[in-house]
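Me: Please take a close look at a single part of this structure, and then set it beside some other sites. I am new to it, so explain each term where it comes up.

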Amino acid sequence: MTAALLLETQKLRKEFGGLVAVDDVDFTVPEGAIVSLIGPNGAGKTTFFNMLTGVYKPTMGRVIFAGEDLTGKPPHAFTQRGIGRTFQNIRLFQNMTALENVLVGMHTRLRGNAIQAILHTPANKRSEQEARDRARGLLEYSGLRRKDEEIGRNLSYGDQRRLEVARALATEPKLLLLDEPTAGMNPQETGDFTAFVDRLRSERKLTVLLIEHDMRVVMGVSDRVTVLDYGEKIAEGEPKEIQKNERVVEAYLGKAALAQ
């Protein structure tokens, strides 16, 4: 039985002046899959991500999520529908604690109103406590147990990456977009993070789309790989197919990939 499509783009295109950054890309992500997007620097991967989260409005084409056309909607609409993301350059609130960072991610899902907050009613206090308890649970799940009160900038690089994921999970996503999540990690951190991504799918039932340069991660965790080059989709398939695709080898992987 074929899985339902959670995300689909149709002829998605982004131009900056005369430059075509993403060139009419048709793309799908099945529900429950882990899909990787790869390609050389400047291939248009992050621009593509930015259109999937409302940061950029497409020049042409459509973004359809869970059957709804979200093209042109603002970023908060994408978050509310269930798309969470991390960034290539870590974007934590560096002077806030780990717990506070996760609570910020949770604000789109918190119940309550301004009057309750001003009067600090029992309902508001209860809601705040529930949010804190849930945030601590997400920190622990993400490998940051007992680091609730650590200031963001004081965490190790790997832990900052994990905190970004915990904050994204706080938005209650159906689809999690990870932009080069293992960049700058050592081999041990990379291995741990790869296993963590697999757990997000198996335990949290999340669908994952990642941009990643580390081919060991891509080949180890992906159900499907899509390759961009100069904004154009040049290949798509299972990891083993992509590894042997001559056009991909020429554009990105290099001849060493054929020997593996």
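Reply: The interface between the two domains is described here, followed by a helix, a loop and some charged pairs.

This is a predicted model, in which local features need pLDDT of at least 70 and side-chain atom pairs count only at pLDDT 80 or more, while totals for chains, interfaces and linings use all residues. Residues are numbered from 1 along each chain as its sequence is written, and side-chain values use heavy atoms, with hydrogens and water left out.

The protein is divided into domain 1 (1-82 + 173-260) and domain 2 (94-171), with bounds that come from an automatic or database domain assignment. On one side of the interface, 21 residues of domain 1 are in contact with 13 residues of domain 2; contact means heavy atoms within 4.5 Å. The size of an interface is often given as the accessible area lost when the parts come together. Buried area here is the accessible area (1.4 Å probe) that two parts lose on being put together, summed over both. Between domain 1 and domain 2 it is about 1500 Å², and carbon and sulfur atoms give 61% of it. In domain 1, the residues that lose the most area to domain 2 are Pro 173, Phe 196 and Arg 204, together 33% of what that side buries.

A salt bridge is a side-chain nitrogen of Lys or Arg within 4 Å of a carboxyl oxygen of Asp or Glu. The rule finds zero salt bridges across the interface of domain 1 and domain 2. It is a separate matter with polar contacts, that is, pairs of N or O atoms within 3.5 Å, where within protein one must be able to donate a hydrogen and the other to accept it, and residues adjacent in sequence count only if both atoms are side-chain atoms. Three residue pairs across the interface are in polar contact (both at pLDDT 80 or more). The elements that give two or more residues to the side of domain 1 that touches domain 2 are α2 (75-81), β7 (175-179) and α7 (187-204). Of these, α7 gives the most, with eight residues. By class, that side of domain 1 has 10 nonpolar, four polar and seven charged residues. Helices (H or I, at least four residues) and strands (E, at least two) are DSSP runs, numbered from the N terminus. In the class count, Ala, Val, Leu, Ile, Met, Phe, Trp, Tyr, Cys and Pro are nonpolar, Asp, Glu, Lys and Arg are charged, and the others, Gly among them, are polar.

Next comes a helix and the loop after it. Helix α1 (residues 45-52) has seven of its eight residues buried, so it is largely enclosed by the rest of the structure. Buried means under 20% relative accessible area, exposed over 50%, and partly exposed in between (1.4 Å probe, protein chains only). The buried residues of α1 are Lys 45, Thr 47, Phe 48, Phe 49, Asn 50, Met 51 and Leu 52. Thr 53 is found in the loop between α1 and β4 (60-65), and at a relative accessible area of 6% Thr 53 is buried. Its side chain reaches the backbone oxygen of Phe 49 at 3.1 Å. Leaving aside neighbours within four places in sequence, Thr 53 is in contact with Pro 75, Phe 78, Ile 83, Arg 85 and Leu 177. The C-alpha atoms of Thr 53 and His 76, 23 residues apart along the chain, are separated by 8.5 Å. Gly 54, which follows α1, has a positive phi near 85 degrees.

Tyr 230 is placed in the loop between β9 (224-229) and β10 (232-237). Tyr 230 is exposed, with a relative accessible area of 69%. Its C-alpha atom is separated by 9.5 Å from that of Lys 45, 185 residues apart along the chain. Apart from neighbours within four places in sequence, Tyr 230 is in contact with Val 20 and Ala 43.

The strands on either side of that loop share a charged pair: Arg 224 and Glu 236 meet in a salt bridge (3.8 Å, N to O). Arg 224 lies in β9 and Glu 236 in β10, so the pair ties together parts that are 12 residues apart in sequence. Arg 224 is buried, at 16% relative accessible area, whereas Glu 236 is partly exposed at 35%. The count of salt bridges comes to 21. One of them joins Asp 24 and Arg 13, with the closest N and O atoms 3.2 Å apart. Asp 24 is in strand β2 (residues 19-30) and Arg 13 in strand β1 (residues 5-16). Arg 13, Glu 15, Asp 23 and Asp 24 are linked in a network of salt bridges.
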